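Open the model in your viewer with a cartoon view and side chains hidden, and keep a selection prompt at hand. The tour below moves from one selection to the next and says what is there at each stop.

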Amino acid sequence: MRVAVVGGGISGKAIKQALLDRGATAELLSRSTGFDVLQDNATLRLAGFDVVIEATGRFTTSRKTATEFFTRSTRALAAAAQHHGAHHILLSIVNCERPEVQGYGYFAGKAAQERVARSESDKLTIIRSTQWFEFAAQNLVRLKVGPVSLVPQMTIQPVALEAVAEVIADVAVGGRIGDSVELAGPETMTLWDMTKQLPTRRQVILPLPMPGKLGRAFRKGICVPGPQAQRIGPLYSRWLAEHAPPTA
C-alpha cells in the first residue's frame with residue numbers, strides 16, 4: 001500500500017512514521033520535499049497512491065487567509081484522490097465547526113475545509129483531534145513579546161500527537177473503518193496549567209484573557225469534545241517526562 005502524507009509539519013512526520021511502523025510505503029509531500037499543494041499539479045503528483053492523508057497547516061488568525069489556504073488545499077487533494085480512486089483522509093480539529101469559534105480564523109478555515117472535503121471526496125475519513133501536547137510550547141513562540149509570552153485562557157483536553165498519528169495510520173491501512181473519528185487525551189486542563197509544567201520554559205508567562213464571546217467560549221471549554229470522542233494516549237505529565245519539548 002502506498003500512502004501520501006501531504007504536510008511537512010510535525011503531524012506529517014509523525015503520521016509517516018506510524019505508517020512505516022505498519023509496513024506501509026509512505027511518502028511525505030511538502031514544500032520542503034518539492035511539492036506545493038497550492039501551486040503544483042496534485043493529480044499528476046499523486047498518481048499511484050492508494051491513500052492521500054491531508055495534514056497541511058498554516059498558522060494564522062485571519063479567517064480569510066486560513067479559509068483560502070485550507071479550501072484550496074482540499075480542493076486540489078480531493079480532486080487528485082477522486083481521479084485515482086484513493087482514500088482521502090483529512091486531519092482536522094475537534095469542534096472547529098461550532099458557531100462560538102468562527103470568530104477565530106484558524107478554526108473557521110478548518111470548518112470550511114471540512115465542508116469542501118465532504119462535498120468533493122467520495123472516499124473520505126475526517127479525523128478530528130484536540131490540541132496536541134506540543135501546543136503549549138508552540139504558543140510560547142507564537143505569542144512571544146520580548147522576554148514575555150502570553151498564554152490565552154482556554155480549557156482543553158490535549159492529546160499526544162503520536163497517539164493521533166497511530167489512529168490515522170490504522171485508518172489508512174484499513175485497520176479502522178468509518179467516515180469520521182474524534183480523538184482526545186485522557187485529561188482536561190487549562191493551557192496555563194500546561195505551560196507552567198514545561199520543564200525547559202525560560203519565558204516569563206502572563207495570562208491572556210481573550211475578550212468577547214470567543215474568549216468566554218475558550219475559557220468554558222469549547223475545545224473539549226463530547227462523550228463520542230475516543231480518549232487515547234498518555235497523561236500530559238508522563239509525555240513531558242519522555243519528551244521535554246524545547247521552548248522559547
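A residue counts as buried under 20% relative accessible area and as exposed over 50%, and what falls in between is called partly exposed. Begin with lysine 123 in this predicted model: its relative accessible area is 47%, so lysine 123 is partly exposed.

**Stop 1: lysine 123 and its surroundings**

With lysine 123 selected, you are in the loop between α4 and β5. Show the residues that lysine 123 touches, leaving out those up to four places away in sequence, and you will find Gln82, Gly85, Ala86, His87 and His88. One of these, glycine 85, offers its backbone oxygen, which lies 3.0 Å from a polar atom of the lysine 123 side chain. If you then add asparagine 41 to the selection, the C-alpha to C-alpha distance to lysine 123 is 20 Å, with the two positions 82 residues apart in sequence numbering.

**Stop 2: the whole protein**

Zoom out before going further. The protein contains nine helices and twelve strands, and its C-alpha trace spans about 50 × 35 × 35 Å along the principal axes. For 248 residues, a compact globule would have a radius of gyration near 18 Å, and the 18 Å of this protein agrees with that. Colouring by accessibility would show that buried residues make up 52% of the 248. Among contacts with a separation of 6 or more, 78% join residues that are 24 or more positions apart.

**Stop 3: helix α4**

Select residues 105-120, which form α4. This helix has 16 residues, and from its first C-alpha to its last it reaches 22 Å, close to the 22 Å expected at 1.5 Å a residue. How many residues of α4 are buried? Twelve of the 16 are, so α4 is largely enclosed by the rest of the structure. The buried set includes not just nonpolar side chains such as Tyr106, Phe107 and Val116 but also Lys110, Gln113 and Glu114. To see what covers these buried residues, display β3, α3 (63-84), β4, β5 and α8 (212-220), which are among the covering elements.

**Stop 4: the loop ahead of α4**

Next select asparagine 95, which sits in the loop between β4 and α4. Most residues other than glycine have a negative phi. Asparagine 95 is not a glycine, yet its phi is positive, at about 65 degrees. With a relative accessible area of 8%, asparagine 95 is buried.

Move on to cysteine 96, which is also buried, at 0% relative accessibility. Why does this cysteine form no disulfide? The closest cysteine sulfur is that of cysteine 223, and at 10 Å it is too far from the sulfur of cysteine 96 for a bond. Cysteine 223 is itself buried, with a relative accessible area of 1%, and the structure as a whole holds zero disulfides.

**Stop 5: helix α6 and the core**

Select residues 161-172 to bring up α6, whose end C-alpha atoms are 16 Å apart, in agreement with the 16 Å that twelve residues should span at 1.5 Å a residue. Nine of these twelve residues are buried, so α6 is largely enclosed by the rest of the structure. The buried ones include Leu161, Val164, Val167, Ile168 and Val171, and what covers the buried residues of α6 includes α1 (10-21), β3 (51-54), β4 (87-93), β5 (124-129) and β9. Just past the helix, glycine 174 has a positive phi, near 90 degrees.

Now display the largest nonpolar core, which has 76 residues; Ile15, Leu19, Leu46, Ile53, Phe107, Phe218 and Tyr236 touch the most other members. The element that gives the most to this core is α6, with nine residues. Centre on leucine 46, and its contacts beyond four places in sequence are Ala4, Leu29, Val52, Leu77, Ala80 and His84.

**Stop 6: glutamate 182**

Finish in strand β9 (residues 180-184), where glutamate 182 is found. Is this residue buried or exposed? Glutamate 182 is buried, with a relative accessible area of 15%. Its side chain makes a polar contact of 2.7 Å with the side chain of glutamine 228. Beyond four places in sequence, glutamate 182 is in contact with Val94, Arg128, Pro225, Gln228, Ala229 and Gln230, and showing these residues together completes the tour.

Technical notes: Residues are numbered from 1 along each chain as its sequence is written. This is a predicted model: local features need pLDDT of at least 70, side-chain atom pairs count only at pLDDT 80 or more; totals for chains, interfaces and linings use all residues. Side-chain values use heavy atoms; hydrogens and water are left out. A disulfide is a pair of cysteine sulfur atoms within 2.5 Å. Buried means under 20% relative accessible area, exposed over 50%, partly exposed in between (1.4 Å probe, protein chains only). Helices (H or I, at least four residues) and strands (E, at least two) are DSSP runs, numbered from the N terminus. A polar contact is a pair of N or O atoms within 3.5 Å; within protein, one must be able to donate a hydrogen and the other to accept it, and residues adjacent in sequence count only if both atoms are side-chain atoms. Contact means heavy atoms within 4.5 Å. The expected span of a helix is 1.5 Å times one less than its number of residues. A nonpolar core is a set of buried Ala, Val, Leu, Ile, Met, Phe, Trp, Tyr and Cys residues joined through side-chain atoms within 4.5 Å. The radius of gyration is taken over C-alpha atoms; the globule rule is 2.2 Å times the number of residues to the power 0.38.
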